[in-house]
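Me: I would like to learn how to read cavities, salt bridges, surface patches and backbone angles in a model. Could we take them one by one, with the general idea before the particular case?

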Amino acid sequence: MAGVGVFRIFDPKVRRHLISDEGEVVIDEVRQHWVVYSVPMLEVALAAALLLTIAATAIGGQPVLLAIVLVLLTHAFWQFLTHHRDRFVVTNMRVMRIRGVFSQTVATTPIARVLDITLQKPIIGRMLGYGHFVFESAAQDQGFREIKWVSRPDDRDLTIQRVIQRTGLRASASVDVLQGDEDSDDDGTGPIGMDSAQEVTATAPVITTTAPQARPSSSPSATKSIFNSERGNWTDED
């Protein structure tokens, strides 16, 4: 219980950044995977080994070893705070990233700007259960270019996709495309949902050709032939 209290002291307090009066709620609060704490834990273990060595043996240079222990513990504690306070939050309105120990950075972007999401799972990540999110387009300008060390990445990806679907953004985007002038057909000649025959009929200009009238003949019994396209004039037939 005491350990939980210590964690709460260094918690970034995500809910204070919510727009509660507008009904904003947290859908998912993503903490970094436990693998990020492996280096700080190794530093703590090395510091503990040095302390035991100093206490068990009377070797020289103890002040130097104590200084090394202090540096290792300080760096490990700083790394712990940095990773612990780095949170990626998904709400029903937007996504946020909160990070920083002394100076805090809060980057937010509406769900509407989350367009392209790439989930990267390296081999070690697949074995240990973590992955990296890469946000393209508008999100990269607000500090969302890469969200690394995400635990249970598949579940988190599905959560984001569900939030986007429930907001109806993809449905409205489809309507916008249908009302526009973009084409998803193979030939790429007209609006979505129109086949090639309809496109040609709807878009091709109607050209009405009127044949030139024959000049009056000097002989009433003479007849006129069709227009000779090769010679470019009218000819009489006997």
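The dialogue below goes through these features in turn.

Me: Before we begin, what kind of model is this?

Reply: This is a predicted model, and local features are taken up here only where pLDDT is at least 70.

Me: How many cavities of 30 Å³ or more does the count give, and how much space lies in the largest cavity?

Reply: The general idea is that rolling a probe the size of a water molecule over the atoms shows where empty space is left. In this model the count comes to 1 cavity of 30 Å³ or more, and the largest cavity holds about 60 Å³ of space.

Me: Which residues line the largest cavity, and which class do they belong to?

Reply: The lining is made of V30, R31, Q32, D86, R87, F88, R97, I147, K148, W149 and V150. Sorted by class, these comprise 5 nonpolar, 1 polar and 5 charged residues.

Me: Which strands supply at least two residues each to that lining, and which element gives the most?

Reply: Strands β2 (87-91) and β7 (146-151) each supply at least two residues of the lining, and β7 gives the most, with 4 residues.

Me: Let us turn to charged pairs. How many salt bridges does the model have?

Reply: In general, side chains of opposite charge can pair when their charged atoms come close. Here the count comes to 9 salt bridges, one of them between the side chains of D11 and R87, with 3.1 Å from N to O. That pair links distant parts of the chain, since D11 sits in the loop between α1 (2-9) and β1 (26-30) while R87 belongs to strand β2, 76 residues apart.

Me: Are D11 and R87 buried or exposed?

Reply: D11 has a relative accessible area of 18% and therefore counts as buried, the cut-off for that class being under 20%. R87, at 0% relative accessibility, is buried as well, and R87 also appears among the residues that line the largest cavity.

Me: What is the distance in the salt bridge between E29 and R15, and where do these two residues lie?

Reply: The side chains of E29 and R15 meet at 3.7 Å, N to O. This pair too links distant parts of the chain, with E29 in strand β1 and R15 in the loop between α1 and β1, 14 residues apart. E29 counts as buried because its relative accessibility is 18%, whereas R15 counts as exposed at 55%.

Me: Which parts of the chain does the salt bridge between E24 and R94 tie together?

Reply: The side chains of E24 and R94 meet in a salt bridge of 2.7 Å, N to O. E24 lies in the loop between α1 and β1 and R94 in strand β3 (residues 94-99), so the pair ties together parts that are 70 residues apart in sequence. Both partners are buried, E24 with a relative accessible area of 4% and R94 with 15%.

Me: Which residues are joined into one network by salt bridges that share partners?

Reply: The network joins D11, R15, E29 and R87.

Me: Now the surface. Which residues form a nonpolar patch there?

Reply: The patch consists of W34, I123, I124, M127 and L128, which together have about 590 Å² of accessible area. I123 may serve as an example: its place is in helix α4 (residues 123-128), and I123 counts as exposed because its relative accessibility is 67%, the cut-off being over 50%.

Me: Last come the backbone angles. What is the phi of K13, and what is that of W149?

Reply: The background is that most residues other than glycine have a negative phi, and most peptide bonds are trans. K13, which is not a glycine, has a positive phi near 55 degrees; K13 lies in the loop between α1 and β1 and is partly exposed at 33% relative accessibility. W149 likewise has a positive phi, of about 60 degrees, although it is not a glycine. W149 is found in strand β7, is partly exposed with a relative accessible area of 29%, and is one of the residues lining the largest cavity.

Conventions
Residues are numbered from 1 along each chain as its sequence is written. This is a predicted model: local features need pLDDT of at least 70, side-chain atom pairs count only at pLDDT 80 or more; totals for chains, interfaces and linings use all residues. Side-chain values use heavy atoms; hydrogens and water are left out. On a 1 Å grid over the protein atoms alone, a cavity is a set of points where a 1.4 Å probe fits but cannot get out, and a pocket is an open set with protein on both sides within 12 Å along at least five of seven lines; lining residues have an atom within 4 Å of a point. Grid points are joined across faces, edges and corners, and a volume is the space filled by probe spheres set on the points. Ala, Val, Leu, Ile, Met, Phe, Trp, Tyr, Cys and Pro count as nonpolar, Asp, Glu, Lys and Arg as charged, and the others, Gly among them, as polar. Patches are made of residues with over 30% relative accessible area and no salt bridge: like charges are joined within 9 Å, nonpolar side chains (Val, Leu, Ile, Met, Phe, Trp, Tyr) within 5 Å. Accessible areas come from the Shrake-Rupley method with a 1.4 Å probe; for residues, only the protein chains shown count as cover. A salt bridge is a side-chain nitrogen of Lys or Arg within 4 Å of a carboxyl oxygen of Asp or Glu. Buried means under 20% relative accessible area, exposed over 50%, partly exposed in between (1.4 Å probe, protein chains only).
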